[in-house]
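Dear colleague,

I am passing on the structure that we discussed, and below it you will find my notes on what was found in it. Please read them with the structure open beside you.

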Amino acid sequence: MASTCSGCGPGYKTPLDAMKGPREEIVYLPCIYRNTDIQKPDYLATVDVNPQSPNFCKVIHRLPMPNLKDELHHTGWNACSSCYDDPSKRRNRLILPSLISSRIYVVDIVEPIDLFWKCGLANPHTSHCLGSGQIMISAMGDPLGNGKGGFVLLDGETFEVIGNWEQPGEAAPFGYDFWYQPRHNVMISTEWGAPKALGHGFNPADVKAGHYGRRIHVWDWTTHKRIQTLDLGEEGAIPLEIRFLHDPSAAEGFVGCALQSTVFRFYKTPASLITDILLSLDDRFLYFSNWLHGDIRQYDITDRRKPRMVGQIFLGGSILKDGPVKVLEDKELDRQPVPRIIKGKRVQGGPQMIQLSLDGKRLYVTTSLYSAWDKQFYPDLVKEGSVMMQIDVDTDKGGLKLNENFLVDFGAEPHGPVLAHEIRYPGGDCTSDIWL
């Protein structure tokens, strides 16, 4: 468990305390069968990542959902470090929003009808626990499949839908991810697109038609009102994951934009700068995964305004030397990368979801983005299944090196190849916990 001190709630007192936590031994990943030929429910996989275990790199448990074609995506906890000062709270329920079916799985099931009627929302995505003990989940659309960026509140004990977090009429045009920073009385949310446009694949015409977002929204954390919208322009189209620094007093962070692989830095006086999105708990390094280009980058952001790339590694992608794409000009590459083969398995797709160990020394990577887009851009990924890899991180000078002895092959699952997505630690991690 993350905390053993008497009288303490879940998680850690500070991000730096979390860096001293125990090494990860298992991780949880949602595994998706929607948009494959396998008619089985999505499931939550438990993977053994303890090098001393006889089950190292193996799926040791599978929890199937009771329905087909949910499209599990991201996960969150019922309680995290934001509840550290409340000894009555426990981190004992994992929240699994379903991107397509709009179900929310806990121990029991929150059916989509509750979201539809109580909140006027659908397509839940990101789940965060709040200091109050409630659970907040972002939504991407309304029940008809149109874009609508609102937020659902769940009771942290009963998991019943309470209602909307945002004030009436304050929902954003689109929704996706969010992160809050209470010391500055602010929350910022991002935009993907209208669920009816993105549900079965990507069409560039939908971007021109305005069915995808390019803005981030600033919210007053106390009044639950949207107080500012920042248009990131064409370079900022489809802003997805957003992260404040882990330091709860920081008033800056980063957002990654999918369409043109750009990253913007935001801070209290809005401005932008290319850098990354997953932050080490000491807020020293940022990590960027480029699903189409095929690389992961590590930046030293000790100087927040002048990020410095100190590590890069290619793990698949669409510009491989033996692939159909010929690179005519790339100022950063002198040659196209070669395919990545680990333990005899060729990595299909590109690096997508990333999770850093608490001490910052290991970076876990999976290769599935979203089943409809996987099928469109990397059909062999759907046929062969995704993988989870591990990268050794130099936390002194910077640098990334693939661990050639680590591979979790989700193409070898009992019911057939599956698409594993986000990575979550039992005791909290860099993307689940928020400090107050």
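In strand S9, Ile 137 is the bridge partner of Ser 127, and the pairing of S8 with S9 to which I would draw your attention is antiparallel and runs over five bridges (strands pair if DSSP finds at least two bridges between them; helices, H or I with at least four residues, and strands, E with at least two, are DSSP runs numbered from the N terminus). Please keep in mind that this is a predicted model, in which local features need pLDDT of at least 70 and side-chain atom pairs count only at pLDDT 80 or more, while totals for chains, interfaces and linings use all residues. Residues are numbered from 1 along each chain as its sequence is written, and side-chain values use heavy atoms, with hydrogens and water left out.

S8 and S9 form a hairpin with five residues between them, and Gly 133 in the turn has a positive phi of about 95 degrees. On S9 there is also a pairing with strand S10 (residues 151–154), antiparallel and made of four bridges, in which Ser 138 stands opposite Phe 151. Seven of the seven residues of S9 (residues 135–141) are buried, so this strand is largely enclosed by the rest of the structure; buried here means under 20% relative accessible area, exposed means over 50%, and partly exposed lies in between, with a 1.4 Å probe and protein chains only.

Strand S8 also carries one end of a disulfide (a pair of cysteine sulfur atoms within 2.5 Å). The count comes to one disulfide, which joins Cys 80 to Cys 129 with an S to S distance of 2.4 Å. Cys 80 is in the loop between strands S4 (76–77) and S5 (94–97), whereas Cys 129 is in S8 (residues 122–129), 49 residues apart, and both cysteines are buried. Cys 57, by contrast, is in no disulfide, and the nearest cysteine sulfur, that of Cys 31, is 15 Å away; Cys 57 is buried, at a relative accessible area of 10%. Cys 119 is likewise in no disulfide, the nearest cysteine sulfur being that of Cys 129 at 19 Å.

Turning to the interior, the largest nonpolar core (a set of buried Ala, Val, Leu, Ile, Met, Phe, Trp, Tyr and Cys residues joined through side-chain atoms within 4.5 Å) has 28 residues, of which Leu 96, Trp 192, Tyr 212, Ile 238, Tyr 370 and Trp 373 touch the most other members. Strand S1 (26–32), S5, helix H5 and helix H6 (379–384) each supply at least two residues of this core. Leaving aside neighbours within four places in sequence, the contacts of Trp 373 (heavy atoms within 4.5 Å) include Trp 192, Tyr 212, Ile 238 and Trp 291. A second, separate core of 26 residues includes Tyr 287, Ile 313, Leu 315 and Cys 430.

As for charged side chains, 22 salt bridges are counted, a salt bridge being a side-chain nitrogen of Lys or Arg within 4 Å of a carboxyl oxygen of Asp or Glu. Glu 71 forms one with Arg 34, the closest N and O atoms being 3.0 Å apart; Glu 71 is in the loop between strand S3 (59–64) and S4, and Arg 34 in the loop between S1 and strand S2 (43–48), 37 residues apart, and both residues are buried. What is the nearest side chain of opposite charge to Asp 374? For Asp 374, which lies in helix H5 (residues 371–377), that side chain is Arg 34, 9.3 Å away, and Asp 374 is buried yet has no salt bridge (Lys and Arg count as positive, Asp and Glu as negative, and His and the chain ends are not counted).

A further salt bridge joins Asp 409 to Lys 345, with the closest N and O atoms 3.2 Å apart; Asp 409 is in strand S29 and Lys 345 in strand S24 (residues 345–346), 64 residues apart. Lys 345 is buried at 14% relative accessible area, whereas Asp 409 counts as partly exposed at 27%. Lys 345 is also among the residues touched by Gly 411, which is found in the loop between S29 (408–409) and strand S30 (419–420).

With best regards
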